[in-house]
Amino acid sequence: MSDKKIVVLVSGRGTNLQALIEATQGGYIPGEISLVISDNPQALALEQARKASISTLVLDYNIFPHKRAYEDALLQVLEKENPHLICLAGYMRIVGKKIIARFQGRIMNIHPSLLPAFPGLEAQKQALDYGVKVSGCTVHLVDEGMDTGPIILQASCPVEDEDTVESLSERILRYEHQIYPQAVKLFLEDKLSVVGRRVFIKKG
Ligand code: GRF
């Protein structure tokens, strides 16, 4: 097994985590998830990790006096773990500057819209409210902004007249579960090169 370590940060349900677990344990991604960290002790994602025999850590955001203290604790854990890649998978916090600086270019996120459209919360509702006919999802590197980092992969899907937030979210999620493992695989195979805002995929 490859020794390339991935740490996944979660806050909730964990379907993207599950997709990453299957892709690593199934051998599609050349690396292993060494640790799943949640800021929320109730996150269902923790259960998925435990079922897959992956170490988990809860850093309950609410027990920290302020964001800086939480971020310092998280940074300490990440430094000790020293992963090749940190994946945000339904992680509901903005990653702090220190962590981004320390793991520059090594933090990825999945977002349920075609960025730069509809960053932030409730992206699928934003897409429906705006009236777009096509939406999708984006895997991107994380910078200090809100869903603003260089784009690695995107997938699109139609928005149907009958769609609700739930039905659109579900359709987009199917694509999330495909492109997130693809992006992680490309990263760990050293097939990505970043030039300014553009991410190129090396051939071969
Ligand atoms: C996904 O839609 C992801 O794009 C967004 O948060 C949601 C997390 O879902 N960042 P899950 O916890 O992976 O099921």
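These notes cover a strand-helix-strand unit, the ligand site beside it and a separate hairpin.

1. **Status of the model.** This is a predicted model. The points below should be read with that in mind.

2. **Strand E1.** Start with E1, residues 5-10. Five of its six residues are buried, so the strand is largely enclosed by the rest of the structure. E1 is joined to E2 by six bridges, and the two strands run parallel. Within this pairing, Val7 stands opposite Leu35 of E2. The route from E1 to E2 passes through H1, and the resulting β-α-β crossover is right-handed.

3. **E1 and E4.** E1 also pairs with E4, again in parallel, through four bridges. Here Ile6 has Leu85 of E4 as its bridge partner.

4. **Helix H1.** H1 spans residues 15-25. Its buried residues are Asn16, Leu17, Ala19, Leu20, Ile21, Ala23 and Thr24. An α-helix has 3.6 residues a turn, so residues three or four places apart point the same way. Which elements cover the buried residues of H1? The cover includes strands E1, E2, E4 and E5, together with helices H2 and H6. In sequence, E5 is 107-111 and H6 is 165-188. After the helix comes Gly27, with a positive phi near 90 degrees.

5. **Ligand surroundings.** The residues around the ligand are Arg13, Gly14, Thr15, Asn16, Gly90, Ile110, His111, Pro112 and Glu176. Several polar distances are worth checking on screen. A side-chain N or O atom of Arg13 sits 2.6 Å from a ligand oxygen. For Asn16 the backbone is involved: one of its N or O atoms lies 2.9 Å from an oxygen atom of the ligand. Ile110 also uses its backbone, with a polar atom 3.0 Å from a ligand nitrogen. Taken alone, the ligand exposes 370 Å², and the protein buries 86% of that.

6. **Asn16.** This residue deserves its own point. Asn16 belongs to H1 and is among the residues surrounding the ligand. Is Asn16 buried or exposed? Its relative accessibility is 7%, under the 20% limit, so Asn16 counts as buried. Its side chain makes a 2.9 Å polar contact with the side chain of Glu176, and Glu176 is itself one of the residues around the ligand. Beyond its neighbours within four places in sequence, Asn16 is in contact with Ala89, Ile110, Leu173, Glu176, His177 and Tyr180.

7. **Ala89.** Ala89 lies in the loop between E4 and helix H4 (97-102). It has 5% relative accessibility and therefore counts as buried. Ala89 and Asn16 are 73 residues apart along the chain, yet their C-alpha atoms are separated by 5.8 Å. Residues up to four places away in sequence aside, Ala89 touches Val8, Leu9, Val10, Ser11, Asn16, Leu17 and Tyr180. Tyr180 is thus listed among the contacts of Ala89 and also among those of Asn16.

8. **The E8-E9 hairpin.** Strands E8 (residues 192-195) and E9 (residues 198-201) run antiparallel, joined by four bridges. Val194 has Val199 in E9 as its bridge partner. The two strands form a hairpin, with two residues between them. In the turn, Gly196 has a positive phi of about 60 degrees.

Notes. Residues numbered from 1 in each chain as written. Predicted model: local features only at pLDDT ≥ 70, side-chain atom pairs only at ≥ 80, totals over all residues. Heavy atoms only, no water. Buried < 20%, exposed > 50% of the residue type's maximum accessible area, 1.4 Å probe, protein only. Contact = heavy atoms within 4.5 Å. Pairing = 2+ DSSP bridges. Right-handed = clockwise from strand over helix to strand, strands pointing away. Near = heavy atom within 4 Å. Polar contact = N/O pair within 3.5 Å; in protein donor to acceptor, adjacent residues only side chain to side chain. Areas by Shrake-Rupley, 256 points an atom, 1.4 Å probe, with all protein chains shown as cover.
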